[in-house]
Amino acid sequence: MVEQNDDFEEEQILQEIEGRLAGFGRERSNLIPILQMIQEQYRYLPKASLELVGRHLAIPSAEVFGVATFYNQFRFNPPGKHPIKVCLGTACHVRGGDIILENFERKLEIKVGETTPDREFSIEKVACVGCCALAPVALVGETVHGGMAPSKVEGLILRIEVENEMRQRAAEKEKSA
Ligand code: FES
């Protein structure tokens, strides 16, 4: 069921993208601006959109994909409701940012750039987010969590899951009232 909704949503996104492509000329130099437009609009590049872009610019979609993967700014999965960004800037890196990242990957059973099947969480790595004094740092949505340690990863995820459940229950209670 969830998959059907996802397919429907992606279908809609592709239709919109097709419309937006009409606003771009067919020169190759438009490739990056188009990819940036899609990423900005939908926060990821649906795989099928790369084919549309390729067709619009008369470039093989494998080449479009190659260009998109070359740049770190593009992601290929929709972000989760709780996007986790692990800072791997210098200060965070020397204080074990990569170990924090590994722990999130292990706990959520996804790799960096991926989203959990329930779309709750996604993981990204980012460069310095400007609060090096708190290194190592991870962000959940816009909230900064400083002084991260591998042992804090599980607790953080658990807290989000509990908050989700409480929100759901409150919504159900409201509905049935
Ligand atoms: S390096 Fe991570 S906040 Fe600066």
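A residue is taken as buried if 20 or more other C-beta atoms lie within 10 Å of its own, as exposed if 12 or fewer do, and as partly exposed in between, with C-beta atoms placed from the backbone. The model is predicted: local features need pLDDT of at least 70, side-chain atom pairs count only at pLDDT 80 or more, and totals for chains, interfaces and linings use all residues. Residues are numbered from 1 along each chain as its sequence is written.

In helix 2 (helices being DSSP runs of H or I with at least four residues, strands runs of E with at least two, both numbered from the N terminus), the buried residues are I34, L35 and I38. Seen down the axis of helix 2, these buried residues fall within an arc of 100° (taken over the directions from the helix axis to the C-beta atoms), so they line one face of the helix. The exposed residues P33 and E40 are carried on the face turned away from the buried side. R43, with a positive phi near 65°, follows helix 2.

An open sheet is formed by 4 strands in the order 2-1-3-4, with mixed pairing; two strands pair if DSSP finds at least two bridges between them. Strand 2 (121-126) and strand 4 (143-145) stand at the edges with a single partner strand each, so one side of each is left without a neighbour in the sheet. Strand 1 (residues 82-87) pairs with strand 3 (residues 138-140) in the antiparallel sense over 3 bridges, and I84 stands opposite V140 in strand 3.
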